[in-house]
Amino acid sequence: MASQAVEVEKKYDVGQDAEVPSLAEIPGVTRVGEPHVDTLEAVYFDTQTHTLASRDITLRRRTGGVDAGWHLKLTAEGPGPDEESGDAAGGSGSEPRRRRELHAPLGQPGVVPDSLLAHVLAYLRGEDAAPVVRLKTQRTTYALYGEDGVHLADLADDRVSAEMLGAAGGAGDAAAGDAAAPGGEARTRQWREWELELVHGSPELFPAAEEILAAAGALPAKHGSKLAKVLALPARGSGAAAGPKSPGKKGPVSDLLTAYLAEQTREILAHDPGVRLEEPEAVHDLRSATRRARSALQAYRRFYNALAVRHLGTELKWLGRVLGVPRDAEVMLDRLRGHIAELPPVLASAVKDRLEDDLGASRDAAHRKLQMAMVSARYFQLLDGLEAFLDNPPVRPGAAAPARKAAGKLVAKAAKRLERAARTAKRTHRGAEHETALHQVRKDAKRLRHVAESVEPVHGKHATKIAKAARRQQQILGGFHDSVVARDLLAKLAAAPDLPEAVASAYVTLHTRQVQLAADAEAEYLKERKKSLKVLRGKVI
């Protein structure tokens, strides 16, 4: 596994002849360590079209220094508790940058470690990452200490030489000191920069150092990383990466879907690595984001091109189904493990291994199919489709309708759908028909929840109350559904031929337990439905 850390730093452009100022004059700094010199060489990996760099992702293999190895840098999830968010895309401006950095051992020069590769496959989408830039850096590091010897930060004085590799291009801001290739394209660059990075200090150190560094000729860097400086690439700024503008009550209703779908797309990309690395709950989280995206598309579909919505909805349904099989198997196995623990020891020991064999094999097979699906062209095309939808929404004229009123109607429509499903379930008789009807109530409650979540920017607390009420019904009926599925599974397992008597007895006991749990869940749902009626029938507008 890769190790992780969060770096908080600020870069400065400086001239070749600038002198490092007296760093001990920075407020809060009581001592400056002796300068330490390292020679670093880093090879950066990307596609020839700079897919990773355009998303503010850097992947490199660096030798020299104390942290030699493979490094992957990703934009961190929002600012820390004591700092403001800076310019995440370009890194320029007055604020420090906060990035998540993953490390892996040096390994082989041309082979990206799997523990890092898993984090970028959703962006590479079938393309290979190859060397695009080589950097050689002469780094002089000054350690800054505060009271009680606390290591506050490091100032790195870097003299950098960069070389473009392969067919990589894009050095559009070639300046003096750059060497040009025969075709006129800059292939090498040299520059100097300072980098102030926190160790154990607080973000207040950055403004404290600003005046002293500026007096020495330092200016906030125009680029967020050395690689960005070499490639001179602007941030891509797609809807998924940069995020849409916040919806307003007087803005178009299409802004609501764009914002909600962008959030779910970010969630899909964020949880993709966890699924590949088989981290706990990653499948559940990715599946939830997929379901939310599909629910929102269905709810807002009349405002968009029908063919585009149908295609994207079909692909999201496919992904949800692929994710659902291993997730449902995990849930069922965990559920029954808990109930086995409630059995008498003799029965528990008799059935535990048998159940692990029966369900574990199907769960593992489902996970293998999921891993294959997530390196397929279909999955990568779905990610492309989500981002294309966000970048250029295929809106109809009605999408310009005022958000507040149109959104209220969408919630009312979803609430009426849930009410119809509940009445249908009430009329059905006990048995499979009734269980199917309750399952439909659960699905409609989930859709209402997602639609209500999407309109929270314009309907605030009341939309939140509706989403919570729908969520409570969804969760209770989710437990009901799990009990029904477990009941049927146990009946099937208990009917297997030549089953040891102790195992058969345990299965019967577990089966009876699921029947009771299903009945309890339905009773709880009926109580919750009565409590929720006032909220769900209330108008959002």
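Which residues line the second largest cavity? Colleagues, I shall answer that in a moment, after a word on the model.

The model is predicted: local features need pLDDT of at least 70, side-chain atom pairs count only at pLDDT 80 or more, and totals for chains, interfaces and linings use all residues. Residues are numbered from 1 along each chain as its sequence is written, and side-chain values use heavy atoms, with hydrogens and water left out.

I turn to the cavities. On a 1 Å grid over the protein atoms alone, a cavity is a set of points where a 1.4 Å probe fits but cannot get out, whereas a pocket is an open set with protein on both sides within 12 Å along at least five of seven lines; lining residues have an atom within 4 Å of a point. Grid points are joined across faces, edges and corners, and a volume is the space filled by probe spheres set on the points. Two cavities of 30 Å³ or more are counted. The second largest has a volume of about 30 Å³, and its lining consists of K11, D13, E193, A221, K222, H223, S225, K226 and K229. Two or more of these residues come from each of β1 (3–14) and α4 (226–231); helices (H or I, at least four residues) and strands (E, at least two) are DSSP runs, numbered from the N terminus.

Next, the largest pocket, which holds about 1400 Å³ of space. Of its 41 lining residues, R287, R291, H439, R442 and K446 are the closest to the centre. At least two lining residues are supplied by each of α7, α8, α9 (345–373), α12 (432–454) and α13 (456–494). The largest share, eleven residues, belongs to α8.

Helix α8 also takes part in a salt bridge, that is, a side-chain nitrogen of Lys or Arg within 4 Å of a carboxyl oxygen of Asp or Glu. The count comes to 40 salt bridges. In one of them, R378 meets E315 at 2.7 Å, N to O. Because R378 lies in α10 (residues 377–391) and E315 in α8, this pair ties together parts that are 63 residues apart in sequence.
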